[in-house]
Amino acid sequence: MNQTIRFNYGGHATFPVRYGWLPKGLNQLITTHGFSANTQTADALGLGSKMVDSLGYWLNMTGLRPAKDDEDLEIAKLIFAHDRYFERPGTWWFLHLILARQEGSVWSWFFNDFSDRIFDRITAQDAFQAYARTHAQRPPSAAMVQRDVACLLSAYAARPGVDLVDPEDIGACPFRELGLVARHDAVHRFERTRRPQGLPEEVFLAATSALQSQKGVDRLSLRELATLRLGPGRIFCQGLEAIETTVGKIGKKRQDGVIVESAAGDRTIHVPDRPLTYWLEALYSRVDAEAAG
């Protein structure tokens, strides 16, 4: 019998995270050493009461606000020091990694457990409800499922080959710029990519390191990276071919303990067991060095 877990439904209050929200929330977190979703905060940030509730949810789910008050704001401090306005794509890739690893959420379900590459809205809703009925301590109502799936698709789905962000769409979400899910309006379907563009190698290595640690192994095959739950293949929508390309590039230049080997026709990768903050700092160091020439 499957072990059920606690699911979190609807904390986003139907709002995908919007441009400008996380910089406001991050500044509040760092300068006041906390964030309270109350009327005072809403007035200070120029948000409505439900929006400030939603911002609190997004700060939690992206790892900027720790689950416990006594935990350090390590990720928040790093981003505040290097990208306080969230202008670097690598920051959003990192936040996506954290979000997709939040068990008991529509985000984790979609990127780790829902395998359809092409689907419509109803198919996704039915699949999420069926999954939650089996795995959640408290299965959701149909309305909860509808709101969660709608928020997810609104956050990630963009029209291919057109604008990733419609300037007239006041609900535009920066996660759309990752290009992980395409929206085909003419046929009312959505399509998950198999070869994402712009994924920083540090984010890929962070996902691989976390998966290694979780599995208690010191290396993983590329096929495992492409298929295992919480691995880079599922979280970043990378097929085996894309994984091979990414690892091939990494194996040629990394000097920080990453080892890529081939044996009996199978390639494996070993990534040092380091926290997410190590890889986030490595990302910013590389980007800063490249910018400095």
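Student: Where is the place of Thr62?

Tutor: This is a predicted model, in which local features need pLDDT of at least 70, side-chain atom pairs count only at pLDDT 80 or more, and totals for chains, interfaces and linings use all residues. Residues are numbered from 1 along each chain as its sequence is written, and side-chain values use heavy atoms, with hydrogens and water left out. Helices (H or I, at least four residues) and strands (E, at least two) are DSSP runs numbered from the N terminus. By that numbering, Thr62 belongs to the loop between α3 (49-61) and α4 (74-83).

Student: Is Thr62 buried or exposed?

Tutor: Buried means under 20% relative accessible area, exposed over 50%, and partly exposed in between (1.4 Å probe, protein chains only). Thr62 has a relative accessible area of 0%, so this residue is buried.

Student: Which residues does Thr62 touch, not counting residues up to four places away in sequence?

Tutor: Within its own sequence neighbourhood, a polar atom of the Thr62 side chain lies 2.6 Å from the backbone oxygen of Trp58, inside the limit for a polar contact (N or O atoms within 3.5 Å, one able to donate a hydrogen and the other to accept it; residues adjacent in sequence count only if both atoms are side-chain atoms). Beyond four places, a contact (heavy atoms within 4.5 Å) is made with Leu95 and Ile98.

Student: How do the axes of α1 and α3 lie to each other?

Tutor: Axes are lines fitted to C-alpha atoms, for helices over the stretch in contact, with angles from 0 to 180 degrees between N-to-C directions. Those of α1 and α3 are 10 Å apart, at an angle of about 75°. Angles under 35 degrees count as roughly parallel, over 145 as roughly antiparallel, 65 to 115 as roughly perpendicular and the rest as oblique. The two helices α1 and α3 are therefore roughly perpendicular.

Student: How many nonpolar, polar and charged residues are in the contact of α1 with α3?

Tutor: On the α1 side are Trp21, Leu22, Gly25, Leu26 and Leu29, which meet Met51, Ser54, Leu55, Trp58 and Leu59 of α3. Ala, Val, Leu, Ile, Met, Phe, Trp, Tyr, Cys and Pro count as nonpolar, Asp, Glu, Lys and Arg as charged, and the others, Gly among them, as polar. The contact thus comprises eight nonpolar, two polar and no charged residues.

Student: Which residues of α1 (residues 21-32) and α4 make their contact?

Tutor: The axes of α1 and α4 come within 10 Å and cross at roughly 110°. That angle makes α1 roughly perpendicular to α4. From α4 come Ala76, Lys77, Ile79 and Phe80, and from α1 come Leu26, Asn27 and Ile30.

Student: What span should helix α9 (residues 201-215) have?

Tutor: The expected span is 1.5 Å times one less than the number of residues. For the 15 residues of α9, the distance between the end C-alpha atoms agrees with the expected value, because both are 21 Å.

Student: How many residues of α9 are buried?

Tutor: Helix α9 is mostly covered. Among its buried residues are Val203, Phe204, Leu205 and Leu211. Of its 15 residues, the buried ones number eleven.

Student: Which residues does Arg189 touch, not counting residues up to four places away in sequence?

Tutor: Arg189 lies in strand β4 (residues 189-192) and counts as partly exposed at 37% relative accessibility. Its distant contacts are with Ile118, Phe119, Asp120, Ala182, Arg183 and His184.
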